[in-house]
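Here are a few worked exercises to try with the model open beside you. Take each task in turn before reading its solution.

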Amino acid sequence: MTKNKKTIMIVDDESDIRQSVKIILEKNGYSVVLAVDGDDCLRKLKNEKPDLILLDIMMPGTPVKEIVKKITDVKIAYLSVVRTSEAEREDLLGQKNIVDFIQKPFDIDDLLKKVKKLVG
Amino acid sequence: MDLKNEIYNKGATIFIMPPEYSKQSLDLVKKIAVKETVCYITINKTFDALKEEFNKNRVNIDNILFIDAITKSIKEAPSQTNGCYFISSPAALTELGIAIDKAMGHNFRYIIFDSLTNLIMYQKGAPITRFVLHLVNKAKSKNTNIVFYALNIPEQTGEIRQCETMMDRIVNLDKKSNK
């Protein structure tokens, strides 16, 4: 009976982050798909339709700003170790599909609350 | 501790920082930039974020040239603006090296590299050590004080230790790793 489970895709080049967030989300009833970078994310989106993508903003490979242009119909929350100005953050949040900007290091309970708020 | 006093004159210094070191970094650059010129290389905050923070804290940014290896990865940005060179990615070591070499032509008194830890997230092993060695040698040839920040992260111990061998002074400000 998994048809009501929401699916979250975690895209992060740091395996510790991918694994720890996966464990917490699965414990809380979410289905999780993992991707190691933006290109892997695009490949997996051909077969998966997540409700939310948690997308690290700085990863090796194709820059995330290019990856985001190719994702048309899924909500995206940025995970960012990079510090931006307030104006830059607002600009990023003003882009299509971008629904949140989560600063790293994040508290896992706060992340869970945000995910619940974004997808239920 | 006054970090400015810990910097090795006309040589290379590495500060092993505690996990949250914005204040120490801000205090150092504020003190230096009052009268002396600084080239500030950022791998973890955007130029806009630094400018916002420095202006708020009354740092004299007229004496600072920024090299930003972050902004272009997250948004469209020109190659250079007044006061900043933008590099396409932290992994673009050749491009970063060229920008720093160009900046060194202006004879900055200080170069601050913030940080090796962030750089190592995008490039590992020999290219990093070669890059750091190039910067250290170039800075010394210009009598510039070069300062690197790094964190004490177990996964990066190898690279950081390698880089430490090239430094004239290592200053450990991380209480945890001092124990």
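## Exercise 1: The largest pocket

In this predicted model, 37 residues line the largest pocket, and those nearest its centre are A:Val81, B:Thr117, B:Met121, B:Leu151 and B:Ile153.

Task: Find which elements give two or more residues to the lining of the largest pocket, and how the lining divides into nonpolar, polar and charged residues.

Solution:
- Step 1. Start with the elements: H1 of chain A gives two or more residues, and so do helix H2 (22-33), helix H3 (47-56) and helix H6 (116-122) of chain B.
- Step 2. Next, sort the lining by residue class: 16 residues are nonpolar, 8 are polar and 13 are charged.
- Step 3. Finally, add the volume, which is about 1200 Å³ for the largest pocket.

## Exercise 2: The second largest pocket

Task: Work out which element gives the most to the lining of the second largest pocket.

Solution:
- Step 1. List the lining: chain A brings A:Arg83, A:Thr84, A:Glu86, A:Arg89 and A:Gln103, while chain B brings B:Lys45, B:Ala49, B:Glu52, B:Glu53, B:Lys56 and B:Asn57.
- Step 2. Keep the elements with two or more residues there: helix H4 (86-93) of chain A and H3 of chain B.
- Step 3. H3(B) gives the most, with 4 residues.
- Step 4. By class, the lining holds 1 nonpolar, 3 polar and 7 charged residues, around a volume of about 240 Å³.

## Exercise 3: The cavities

Task: Say how many cavities of 30 Å³ or more the whole structure holds, and which residues line the largest cavity.

Solution:
- Step 1. The search finds 2 such cavities.
- Step 2. The largest cavity encloses about 60 Å³. Its lining consists of A:Asp13, A:Glu14, A:Asp56, A:Met58, A:Val81, A:Lys104, B:Met121 and B:Tyr122, of which 4 are nonpolar and 4 charged, with no polar residue.
- Step 3. The second largest cavity has about 40 Å³, and helix H8 (residues 157-164) of chain B gives the most to its lining, with 3 residues.

## Exercise 4: A helix pair

Task: Describe how H1(A) crosses H5(A): what is the angle, and which residues make the contact?

Solution:
- Step 1. The axes of helix H1 (residues 15-27) and helix H5 (residues 108-119), both of chain A, come within 11 Å and cross at roughly 55°.
- Step 2. H1(A) is therefore oblique to H5(A), and their crossing is right-handed.
- Step 3. A:Val21, A:Ile24 and A:Leu25 of H1(A) meet A:Ile108, A:Leu111, A:Leu112 and A:Val115 of H5(A).
- Step 4. These contact residues comprise 7 nonpolar, no polar and no charged.

Terms used
Residues numbered from 1 in each chain as written. Chains lettered and ligands numbered in written order. Predicted model: local features only at pLDDT ≥ 70, side-chain atom pairs only at ≥ 80, totals over all residues. Heavy atoms only, no water. Axes fitted to C-alpha atoms, helices over the stretch in contact; angles between N-to-C directions. Parallel < 35°, antiparallel > 145°, perpendicular 65-115°, else oblique. Left-handed = near helix turned anticlockwise from the far one by under 90°. Contact = heavy atoms within 4.5 Å. Nonpolar A, V, L, I, M, F, W, Y, C, P; charged D, E, K, R; others polar. 1 Å grid on protein atoms, 1.4 Å probe; cavity = no way out; pocket = protein on both sides within 12 Å on 5 of 7 lines; lining within 4 Å. Points joined across faces, edges and corners; volume = space filled by probe spheres on them.
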